[in-house]
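The following exercises ask the reader to examine a protein model step by step. Each task is followed by a worked solution.

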Amino acid sequence: MNTYGQFQKDEQYPLEARIWGHRLRDGQHWMEYLLEFLSVLAGYDYVFGRGNQPDQKYRIPKRLGLRRFIFYDEREKTQDPRDQLATTLLIKALEHKVKPGKSANTEIIRQVQVLFRSFSVIEDNRSWYAKSLFPVHENLLLWEALRKGSTKTTYRGAIDHLSAADLDEGIEFNARNFFARGGELYYLMISAGTERSPERRARIAQRLRTLLTEQNKTLGELASLIDQTWQEQKHVSADYAQGSPGWIPDPDCELYQQFAEDLDTLLDNSLDALECLDLLAHLICFHIIVYIYYRAHPHQSAVCQPDASRNPYLPEILIDIPGDEESRVIRSLSASQLQKHEQWQIECVKHLIKARVEDIADRTSGERFLETIRDEVSNYFGGTRRKSREQFEREMQRLKGYTAQRSQAQVSEQVIDVLYDVMGRNFRDHFIGIHRRLGRSIGLIAPSRGPQPRFVLGDTLLKTITMAVLPAGKSMTFGQFLETLYKRYGIIIGPGEARKAQFQERYPINAGAFSRNRDRFLLRMKLAGLLTQYSDATAIVYRP
């Protein structure tokens, strides 16, 4: 298997990892893709292309002092006397640094806590060590941590004799409950996509370094002071954990190069740092969704053979621009396209299982076939729980009596069904929902809840994509813009894109419905300040 990153031959990976890499998981908050990506990049000292060898690890600042200072309070869901004492010690040390002996220090410290808490981006119902800040400076990047056992048991030991270092004992940085490697995968995608473009690689890295180190310096210095104060209590000069990235398939995939181009173009802007980071978060998640669809594409379609002018593996993202009652036909088709992309993912996993089973069937037969399936399935279809493995063993025993009465092809079909039912559970529980969750978060899928979800383009996502495809100082006609969106991402809005995707041959919808959808989109862009329409009917798209 051709991979980029740290693929371990002896490790058991789940089914979906064989298709999309290790790993994507639906428990990861959409903003955590950005946070993890930036943390990995900073951990490699803003250099892309690392992590492709086993000894290439990135460094993760623990920043336990900073995160306790901001997030540990009386509302904490996992109260622990060790963390309470650590917070008290830190605040006393900070008060002494401000103005020794001054009674107003408590209020000053409290205002600083409120200031940093205002940058909280992920809290939900999480404990203090799993909450995150918006990365307005690299010193605010907080890697997911876990105090082992804190949610199940309450610490009952004495704490008076514990040192500051002892108070941090039992906190781990490799749980991967929320930082599930999605940001790592994006780092690997950009690294792979810039292997042949060293100038672009260096330019992206430098722009991100500038964004995270040259902006909001005062906040960064204050965050560093707070965390350094806790390190002084522990008598250490630095406190790091280490991480190793996962891996992605097909290092030469042209999609990685396109993502790198998009990122390079987007970062060439004069926006405020906060807005730039927000657009970057939207771009990363949009890229992840396109990547999921791209890897799941059936490649060969008996229904429609796409023309040579487009990449045959791109998705078909039909954007519904709300309008009058007549627009319901586009809405309905867009919803069906969303379901189709989900079905692609399911079929892709089933195809992987089928290919592996057929490979084993070509080498073995009869009882030996089932024995080989049992021997090889753990290595190839990893990531399953004990109950699933036990169910698999029961199903294999059942199939033993089935083989004597059925042909090899019939037995193989039964095995494929069993493997998808048992080994595909992780895929169904933790992967298939990723595209919907991310899509709703960034404004690609609506409604956020309710029936008939469909593809849309929210204002922030529209601005993000415009800035990713349109270089600074450049413009293009509205028609060229629509064509670009189609060729790069498979986005379909007007009749031209629908014709290239051969929608009208496959679906009973006339071109007028797509024309009206295009007109509504033009108005949307005009109202968003992304397009100017002239008296001669020419419409030009500009960067905001």
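**Exercise 1.** Determine whether Arg-176 is buried or exposed, and describe its backbone.

*Solution.* This is a predicted model.
Step 1. The relative accessible area of Arg-176 is 14%. A residue is called buried under 20%, so Arg-176 is buried.
Step 2. Arg-176 is found in the loop that runs between strand E6 (171-172) and H7.
Step 3. The phi angle of Arg-176 is positive, at about 60°, although this residue is not a glycine. Most residues other than glycine have a negative phi.

**Exercise 2.** Carry out the analysis for Asp-124: is this residue buried or exposed?

*Solution.*
Step 1. Asp-124 belongs to the loop between strand E3 (120-122) and E4.
Step 2. Its phi is positive, about 45°, and Asp-124 is not a glycine either.
Step 3. The relative accessible area of Asp-124 is 58%. The threshold for an exposed residue is over 50%, and Asp-124 is therefore exposed.

**Exercise 3.** State how many residues of helix H7 are buried, and what follows from this.

*Solution.*
Step 1. Helix H7 covers residues 182-193, which is 12 residues.
Step 2. From its first C-alpha to its last, H7 reaches 16 Å, close to the 16 Å expected at 1.5 Å a residue.
Step 3. In H7, 12 of the 12 residues are buried, so the helix is largely enclosed by the rest of the structure. Among them are Glu-184, Tyr-186, Tyr-187 and Met-189.

**Exercise 4.** Describe the surroundings of Ser-132.

*Solution.*
Step 1. Ser-132 is part of strand E4 (residues 132-133).
Step 2. With a relative accessibility of 2%, Ser-132 counts as buried.
Step 3. Leaving aside residues up to four places away in sequence, Ser-132 touches Leu-35, Phe-71, Phe-119, Ser-120, Val-121, Ile-122, Leu-142 and Phe-179.

**Exercise 5.** Which residues does Trp-30 touch, and in which element does Trp-30 lie?

*Solution.*
Step 1. Trp-30 lies in helix H2.
Step 2. Its relative accessible area is 15%, so Trp-30 is buried.
Step 3. Apart from residues up to four places away in sequence, Trp-30 touches Asp-278, Ala-281, His-282, Cys-285, Leu-438, Ser-441 and Ile-442.
Step 4. Trp-30 and Gln-339 are separated by 309 residues in sequence, and their C-alpha atoms lie 21 Å apart in space.

**Exercise 6.** Locate two cis peptide bonds and give the omega of each.

*Solution.*
Step 1. His-22 and Arg-23 are joined by a cis peptide bond with an omega of about -10°. Arg-23 lies in the loop between helix H1 (17-20) and helix H2 (30-43).
Step 2. Ala-446 and Pro-447 are also joined by a cis peptide bond, with an omega of about 0°. Pro-447 is placed in the loop between strand E10 (445-446) and strand E11 (454-455).
Step 3. Most peptide bonds are trans.

**Exercise 7.** What radius of gyration does the protein chain have, and how does this value relate to that of a compact globule?

*Solution.*
Step 1. For 544 residues, a compact globule would have a radius of gyration near 24 Å.
Step 2. The protein chain has 26 Å, which agrees.
Step 3. Of the 544 residues, 55% are buried.
Step 4. Among contacts with a separation of 6 or more, 75% come from residues 24 or more positions apart.
Step 5. The secondary structure of the chain consists of 22 helices and 15 strands.

Methods
Residues numbered from 1 in each chain as written. Predicted model: local features only at pLDDT ≥ 70, side-chain atom pairs only at ≥ 80, totals over all residues. Heavy atoms only, no water. Helix = DSSP H or I, 4+ residues; strand = E, 2+ residues; numbered from the N terminus. Rg over C-alpha atoms; globule rule 2.2 N^0.38 Å. Buried < 20%, exposed > 50% of the residue type's maximum accessible area, 1.4 Å probe, protein only. Contact = heavy atoms within 4.5 Å. Expected span 1.5 Å × (residues − 1).
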